[in-house]
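User: I'm new to this structure and would like a close look at a single part. Could you take me through one strand and its partners, and then show me what else is worth finding around it?

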Amino acid sequence: MLLSLSVAMALAACKQDPAQPAAGAADAKPTDAKALTLDESKLPPVNRFQPVDLDSKVDACTDFNAFVNSKWLAANPIPGDRSSWGAFEMLAERSNAVQQQLAEQAVADANATGVEKIVGDLYATGMDEARINALGIEPLKADLAEIAALTDTASIAEYLRKSAAVGESTIFGFGSGPDFNNPGVNIAFAMQSGLGLPDTTYYTDADKQDKRDAYVAHIARVLELSGIPAADAATQAKDVMAFETRLAKVSKSNKELSRDTKLYYNPISPADADKLTPNFPWTKFIESQGIAVPAMFSFAMPEFHQEVSRMLADVPAAQWQSYLRYHTVDGASPYLSDDFVQEHFNFHSKALLGQKEIKPRWKRVLGAVNSQAGEALGQMYVKVAFPDESKQRMEQLVDNMSEALKVRIENLAWMSPDTKAKALEKWKTFDPRIGYPDKWRDWSGLSTNRDSYLGNVLAANEFNYKWDLSKIGQPVDKTEWGMKPQTVNASYNPQQNQLTFPAAILQPPFFDAKADDPINYGGIGAVIGHEMTHGYDDQGSRFDSTGKFLDDPGWWTKGDFDAFKGLTGKLAAQFDGYVPAPGLKVDGMHTLGENIADLGGLATAYDAMKKATAGTPDPMIDGMTRDQRFFYGWATVWRRSHTEDDMKNRLATDEHALAQFRAIGAPSNLPAFAAAFSCKPGQPMVREGDKQVVIW
């Protein structure tokens with residue numbers, strides 16, 4: 001699951017008053033004159049728990065993940081066009097298959113308007129492989145000529161302003177998000193960016209030298225494809241790597257960003273920011289984006305921006321040209337001819353993640369549609385793929401989970417009454433959103449056509465960027481979603497205290513209308529509890545019931561805060577002990593927030609399941625108790641395998657522990673698990689005494 005900080009700046013469209021429906025905005029589940037259809041016989045299967053999956057050769061009390069999932073994983077190898085495979089990926093494939101049918105219907109409708117026209121135009125031009133191949137590098141020639149003309153600090157700075165204004169910023173991020181101190185109002189955020197490798201550690205760690213070498217070779221190949229002679233491209237590639245390595249030294253790692261939310265927030269006046277970056281005045285930049293200069297914005301990671309300012313002065317213009325040329329071409333490569341597409345795959349998917357085969361074109365084009373007009377496609381998706389009864393069942397599950405969490409908070413032995421009162425204040429303000437938005441985003445003003453794939457992508461990108469900037473200084477629109485209905489995931493937003501469960505995740509093995517309560521509580525119930533617990537993890541707990549960010553100890557008493565830190569330290573130590581392969585290990589601190597959410601979510605889901613089934617006889621389905629089926633539901637969600645490179649990448653960049661350890665980490669702390677499977681003290685799945693972790 002995803003702890004979604006709203007300051008991660010989702011891209012979007014045109015200016016409006018967030019308090020009022022925009023012109024062209026639609027209410028939820030609209031109906032069109034031309035009905036969309038879905039042939040479910042063409043969809044891939046879902047992944048339900050089956051008793052036959054259990055491996056009798058493995059002791060559940062030794063390795064519960066292997067007991068539930070090893071047979072299935074052995075029988076279901078990673079497809080060639082994937083770098084990981086499991087429950088999430090299977091649902092993503094099913095969602096893609098639904099989307100493909102909808103996109104093809106949009107393409108075939110000559111009279112399509114609104115979201116159907118946008119989706120149809122993007123998909124049709126993306127699927128026109130012959131036209132895209134005939135154009136080659138031509139769609140980028142004007143941009144590359146502009147880069148080639150850069151000669152000094154002033155011209156480079158002007159280029160950065162101009163390209164950012166159309167949503168094509170390369171070296172830093174700029175957009176809107178709720179003010180940490182006043183979460184009802186959006187402010188501007190400037191943040192680090194500009195690196196082509198997944199994390200700062202990729203530029204320094206000895207065990208990633210092979211990835212650095214592959215990256216330099218990739219840069220050279222991209223530059224050569226763009227028209228640079230091979231010898232010059234090789235030299236320029238080394239210059240680009242040196243440029244990014246310098247940026248990496250002043251950038252925060254994924255681990256640092258995931259474990260210290262405050263890094264995103266550094267309120268400062270534009271005039272004061274100008275003093276820190278004399279070669280790139282932020283007042284002038286903000287003016288160039290077509291918005292009013294605010295009194296304050298968040299100048300996040302200031303050391304990064306200061307280094308960019310210094311680089312504008314002391315890095316030769318030719319090196320800047322190489323850097324900007326490479327990123328311009330590499331960023332556009334998925335939308336260009338096959339030679340660019342293949343090279344992009346060779347590095348970003350094959351070399352970095354171990355993916356063997358490129359995805360078929362239709363999947364890649366759907367990815368672009370989702371990236372640039374995802375909610376437009378989502379508006380079509382929920383018309384055919386999300387029954388109303390699923391939403392009603394989920395609402396009941398959310399209510400039951402909420403009540404169970406309230407009881408757990410009230411009964412915490414380690415927390416004082418004063419802090420409990422504050423925790424319950426936050427509990428009262430949880431805002432769950434299920435399936436799809438109550439109000440759809442307005443896409444009027446985005447002009448697409450059947451002429452150019454890259455042209456449509458860039459038009460949507462600019463449209464989204466300007467819409468995002470239009471929020472600055474405006475009240476936060478709490479009806480807005482940061483996730484698309486067709487996304488297989490869930491999220492928590494600490495600044496709005498919102499829980500989001502998109503339609504696409506509300507299928508087996510997470511949610512199954514045909515399954516008994518234990519399976520559903522072990523699946524989607526634990527997901528609901530996970531997102532709720534994010535409100536009380538090591539970062540979510542730094543926001544109060546209004547969404548305001550507080551410095552430590554925040555709304556806690558000092559004693560309770562210290563106790564919480566002690567408990568979370570024990571959980572971090574537990575995950576530090578997990579070793580996925582020789583020489584590799586899970587980072588318990590990097591993954592701490594997700595592990596806290598898993599532990600609290602599973603414990604809460606178990607309580608809710610017991611209450612929901614209280615007073616009724618255990619049906620012993622397939623000879624399994626309710627408690628056993630609850631934990632089977634949990635483990636089935638986390639069946640997943642990875643290529644070696646994908647595993648290494650996730651260990652370095654992902655705040656989530658590998659799925660195999662999520663399957664065992666939380667249950668091993670629950671006495672109910674040991675009781676369900678008659679586990680004995682000392683077995684690996686039984687954590688007792690000081691080793692047992694109970695937080696929420």
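Analyst: Here is a walk along one strand, followed by a disulfide, a cavity and two pockets.

Some ground rules come before the tour. This is a predicted model, where local features need pLDDT of at least 70 and side-chain atom pairs count only at pLDDT 80 or more, while totals for chains, interfaces and linings use all residues. Residues are numbered from 1 along each chain as its sequence is written, and side-chain values use heavy atoms, with hydrogens and water left out.

Let's start with strand E9, residues 498-502. (Helices, H or I with at least four residues, and strands, E with at least two, are DSSP runs numbered from the N terminus.) E9 is mostly covered, with five of its five residues buried; buried means under 20% relative accessible area, exposed means over 50%, and partly exposed is in between, using a 1.4 Å probe and protein chains only. In a regular strand, side chains alternate between the two faces of the sheet. In E9, Gln498, Thr500 and Pro502 point one way, Leu499 and Phe501 point the other way, and all are buried.

Now for the neighbours, where two strands pair if DSSP finds at least two bridges between them. Strand E7 (residues 431-435) runs parallel to E9, and five bridges join them. Look for Gly435, which stands opposite Pro502 in E9. Strand E8 (residues 491-493) pairs with E9 in the antiparallel sense, over three bridges. There, Ser491 has Thr500 of E9 as its bridge partner. E8 and E9 also make a hairpin with four residues between them, and Asn497 in that turn has a positive phi of about 55°.

Next, the disulfide, meaning a pair of cysteine sulfur atoms within 2.5 Å. The count by this rule is one, and it joins Cys61 to Cys679, S to S 2.0 Å. The pair ties together distant parts of the chain, 618 residues apart: Cys61 is in the loop between strand E1 (2-3) and helix H1 (64-75), and Cys679 is in the segment after helix H25 (671-676). The link of Cys61 and Cys679 is left-handed, at -85° about the S-S bond. Both Cys61 and Cys679 are buried.

On to the empty spaces. On a 1 Å grid over the protein atoms alone, a cavity is a set of points where a 1.4 Å probe fits but cannot get out, a pocket is an open set with protein on both sides within 12 Å along at least five of seven lines, and lining residues have an atom within 4 Å of a point. Grid points are joined across faces, edges and corners, and a volume is the space filled by probe spheres set on the points.

There are four cavities of 30 Å³ or more, and the second largest holds about 80 Å³. Helix H4 (129-135) and helix H18 (453-469) each supply at least two residues of that cavity's lining, with H4 giving the most, three residues.

The largest pocket holds about 540 Å³. Among its 24 lining residues, Arg94, Pro387, Leu506, Gln507 and Pro508 lie nearest its centre.

The second largest pocket has about 450 Å³ and 21 lining residues, with Asp207, Lys208, Lys648, Leu651 and Ala652 nearest its centre. Helix H7 (209-225) and helix H23 (644-653) are the elements that give two or more residues to this lining, and H23 gives the most, with five.
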